[in-house]
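Dear colleague,

I am passing on the structure below, together with some notes on what turned up when it was gone through. Please read the notes with the coordinates open beside them.

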Amino acid sequence: MTPNPLHLWLIPVLPLIGAAINGLFGKRFSRRAVAAVALSFCGAAFVMALWVVSRFSSLSLPHTETLATWLRAGSFQADFAFYLDQLSLVMLLVVTGVGFLIHIYSVGYMWEEGGFYRFFSYLNLFMFFMLTLVLANNYLLMFIGWEGVGLASYLLIGFWFTKDSAASAGKKAFIVNRIGDFGFLIGLFLLIKHFGSLNFEQVFQVAAQQPVETAGVGLLTTIGLLLMVGAAGKSAQIPLYVWLPDAMEGPTPVSALIHAATMVTAGVYMVARSHVIFEHAPTAMMVVAIVGTLTALFSATIGMAQTDIKKVLAYSTVSQLGYMFMACGVGAFSMGIFHLMTHAFFKGLLFLAAGSVIHAVGGEQDMRKMGGLRTRIPWTFWTMTAATFAIAGFPPLAGFYSKDAILFRAFVSPQGSWVYWAIGVFSALLTSFYMFRQWFLTFFGEYRGEPNHAQDEHSSHHSGHGGIHESPKVMLIPLVILAVLSVIGGWVGAERFNAFLSPGFHGHAITKLVAPGPEEAARMAVENRAIEHLELGLTFVAVAAAASGFFLAWLLYYRRPQLPQEIARALGRFYQAVANKYYVDELYAVLFVEPLVEGSKNILWRGMDQKVIDGALDGSAQGAREVSDSVRRMQSGNLRSYAGWVAVGAAAVIAYMIWMGAR
Amino acid sequence: MIPLSYYLVLGGILFACGVAGFLIKRNIITIFMSIELMLNGVNLSFVAFAAHWHALSGQVFVFFVMVVAAAEAAVGLAIIIAVYRTRETLNVDQVNLLKL
């Protein structure tokens with residue numbers, strides 16, 4: 001314990017107190033009081049995080065604070081201990097900062113909803129688990145947070161639990177995450193078995209001494225792959241991404257906080273945190289990179305054909321998470337975290353702005369029924385514009401810096417390849433296209449919705465009080481702050497960000513750097529100049545891709561709005577496949593869900609439960625009845641027959657004894 | 001000296017008579033008397049063994065059996081009277097309230 005403890009444990013516990021107060025007593029509070037409790041505890045966590053930042057330079061890193069011993073079994077030990085280094089500091093700020101802004105926004109967005117206290121209690125609970133995940137100093141405590149955010153996500157997706165689709169979306173998210181967690185857990189078991197610890201520092205110390213597994217699948221590769229399975233579940237990567245688009249059934253602030261800015265990035269954080277393991281397992285790294293790249297491309301194509309404003313953003317989130325994994329997979333962990341941070345700003349903003357749009361048009365989510373909203377809701381329009389340009393990768397907005405850095409690293413890194421880069425750039429073009437498609441459809445052209453939308457059936461969820469209206473100030477302020485962050489968030493620069501994070505990333509790394517000789521230095525200088533030229537060229541291509549996406553969207557959805565339909569008709573089957581998300585849900589239903597349901601129904605329910613278990617029970621009862629039915633006749637009530645039985649019995653005993661004696 | 005087996009056979013015959021009476025008769029009092037007959041059959045074998053082995057414990061047992069039989073007779077007769085008062089019969093086949 002350091003002489004001047006930071007009391008890191010307070011940061012997650014504060015929101016937990018808020019969750020407990022609202023959860024236990026919130027029903028009796030007024031809305032104002034509920035909001036005050038939720039905001040003050042969440043805000044206190046944010047203030048603590050800022051205070052930690054102010055003390056950060058005076059700390060010896062990594063800084064560990066042990067609160068209590070949790071488990072001890074033989075030599076294995078897991079503590080309630082918190083771990084602070086550059087990586088967790090960045091995550092801490094993103095989670096508390098963006099989380100606090102979204103809390104503020106939610107007050108306005110959810111004001112008219114039933115279950116107001118329940119919503120904020122869940123939201124605070126989510127903050128508790130997310131901060132536990134980020135600050136844990138061992139995999140086990142991290143896993144608690146990991147499962148906890150899954151729980152909060154389930155509760156919030158199914159917030160409108162009377163709606164059937166919301167309830168099943170919650171279940172889907174939970175079940176798909178279980179598959180990922182299965183891999184994660186087995187990875188942890190392997191760590192315990194072979195390293196005897198789950199403590200980050202101890203595990204990485206041991207792992208760093210292992211040889212790099214260049215050929216074949218060794219222990220570290222296996223662990224890395226299993227951890228990646230967990231990350232793919234939580235961070236919605238192929239093949240486990242299917243839950244995230246459905247998770248949009250939850251309230252929009254939830255989509256922004258959990259399913260865009262924070263929780264879904266937990267997988268990226270976990271992979272980055274385990275970088276030592278991955279650096280020693282090139283095969284696992286390659287799998288991470290390939291999965292990330294394919295996800296980025298795959299979901300970007302689906303995003304092009306979605307009509308629900310939130311579904312577009314959901315697929316976009318999946319795609320952007322793919323970029324982060326691509327970065328991790330090529331060894332540019334800090335770039336992955338950089339993109340995680342900027343993505344939290346602009347995607348959080350996009351969701352909040354989309355929520356504001358939905359709020360404005362009275363609950364409508366279909367972009368085909370929007371349009372021309374630019375002048376009606378100017379604040380929302382301008383903030384969303386900032387976010388759209390940021391995600392599309394236009395300089396000098398945040399998304400440009402991080403995405404460009406990832407693409408550059410994917411090209412030049414030793415683990416990278418031009419294939420990753422090419423697919424990444426193409427996905428960036430698609431990203432730009434579907435984002436501007438959304439932008440044009442929503443804000444430009446003529447309003448295509450029904451004029452009397454207040455009677456829309458969705459309006460029960462939203463305040464449909466007359467006409468398209470701008471959202472209240474409490475919703476606009478977070479939008480503006482996030483918009484500012486989306487613009488300036490990248491100005492820190494990939495290099496400086498990398499330099500800040502690298503002590504955390506390279507403290508354990510393989511130290512093979514020998515001081516370069518003069519020839520070596522000259523060669524490196526030449527290389528550096530070549531790389532600079534290369535970087536400039538690659539940046540130009542990336543920006544050109546973004547611009548052409550913008551141009552395509554402008555052409556198709558602003559200039560010639562009838563063209564998309566013609567193209568869709570010309571593409572026929574292919575368009576259908578994309579619009580229906582490549583039938584992946586249907587494929588999974590046929591491959592996994594239906595066999596499972598049928599198997600459960602026919603084998604487990606009708607076979608095992610009804611035949612074997614119930615059968616054994618019923619059979620033993622039936623057997624007892626039949627035996628007693630036949631034995632009952634002995635109980636005749638006839639005194640002399642009883643005496644007769646006694647006499648016969650006695651005679652039998654005597655006969656037996658005589659016979660035994662005779663032997 | 002009469003051999004031991006004579007006494008035992010007589011005791012067995014007495015016991016068998018008791019059992020037979022118990023099983024055949026319907027009157028409670030007769031059944032009761034059959035029980036006494038069985039007890040006395042046993043008593044006879046006790047005494048015979050006691051004389052044969054020159055051990056007093058057999059005779060002590062007989063006294064116990066007699067005491068218990070006397071007590072049993074007192075209780076049993078009381079029960080018989082009570083049964084007769086309520087049911088007005090001594091036929092055991094008609095005292096079958098506990099029958100299923």
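To begin with chain B of this predicted model, its helix H3, which covers residues 57–87, contains 31 residues and extends 43 Å from the first C-alpha to the last, close to the 45 Å expected at 1.5 Å a residue. The number of buried residues among the 31 of H3(B) is zero, so this helix lies largely in the open. Just after H3(B) comes Glu88(B), whose phi is positive, at about 55°.

The rest of chain B can be described briefly. The chain has three helices and zero strands, and its pattern along the sequence reads α-α-α. Its radius of gyration is 17 Å, whereas a compact globule of 100 residues would have one near 13 Å, and its C-alpha atoms fill a box of roughly 50 × 25 × 25 Å along the principal axes. Of the 100 residues in chain B, 11% are buried, and among its contacts with a separation of 6 or more, 50% are between residues 24 or more positions apart.

Turning to chain A, I would start from the overall figures. Chain A holds 25 helices and two strands, and its C-alpha trace spans about 115 × 75 × 55 Å along the principal axes. Buried residues account for 49% of the 663 residues of chain A, and 81% of the contacts between residues at least 6 apart in sequence join residues at least 24 apart.

Three places in chain A deserve a separate note. The first topic is helix H2(A), residues 31–56, which has 26 residues and reaches 37 Å from its first C-alpha to its last, close to the 38 Å expected at 1.5 Å a residue. Which residues of H2(A) are buried? They are Val34(A), Ala35(A), Val37(A), Ala38(A), Phe41(A), Cys42(A), Ala45(A), Phe46(A), Met48(A), Ala49(A) and Val52(A). When you look at their spacing, recall that an α-helix has 3.6 residues a turn, so residues three or four places apart point the same way. The buried residues of H2(A) pack against three helices of chain A, namely H1 (10–25), H3 (86–109) and H4 (116–135).

The next topic is a pair of helices. Two packed helices are described by the angle between their axes and the distance between the axes. For H15(A), residues 333–360, and H16(A), residues 378–392, the axes come within 9 Å and cross at roughly 145°, and the crossing is left-handed. On the H15(A) side the contact is formed by Phe346(A), Lys347(A), Leu349(A), Leu350(A), Ala353(A), Ser356(A), Val357(A) and Ala360(A), which meet Thr380(A), Thr383(A), Met384(A), Ala387(A), Ala390(A) and Ile391(A) of H16(A). By character, the residues of this contact divide into ten nonpolar, three polar and one charged.

The last topic is a single residue, Leu501(A), which is found in helix H20(A), residues 494–506. Is Leu501(A) buried or exposed? Leu501(A) counts as buried because it has 21 C-beta neighbours inside 10 Å, the cut-off being 20 or more. Leaving aside residues up to four places away in sequence, Leu501(A) touches Gln86(A), Leu87(A), Ser334(A) and Ile337(A). Leu501(A) and Leu89(A) are 412 residues apart in sequence, yet their C-alpha atoms are 9.7 Å apart in space.

With best regards

Methods: Residues are numbered from 1 along each chain as its sequence is written. Chains are lettered from A and ligands numbered from 1 in the order in which they are written. This is a predicted model: local features need pLDDT of at least 70, side-chain atom pairs count only at pLDDT 80 or more; totals for chains, interfaces and linings use all residues. Axes are lines fitted to C-alpha atoms, for helices over the stretch in contact, and angles run from 0 to 180 degrees between N-to-C directions. Helices (H or I, at least four residues) and strands (E, at least two) are DSSP runs, numbered from the N terminus. A crossing is left-handed if the near helix is turned anticlockwise from the far one by less than a right angle, and right-handed if clockwise. Two residues are in contact if their C-beta atoms, placed from the backbone, lie within 7 Å. Ala, Val, Leu, Ile, Met, Phe, Trp, Tyr, Cys and Pro count as nonpolar, Asp, Glu, Lys and Arg as charged, and the others, Gly among them, as polar. The radius of gyration is taken over C-alpha atoms; the globule rule is 2.2 Å times the number of residues to the power 0.38. A residue is buried if 20 or more other C-beta atoms lie within 10 Å of its own, exposed if 12 or fewer, and partly exposed in between; C-beta atoms are placed from the backbone. The expected span of a helix is 1.5 Å times one less than its number of residues.
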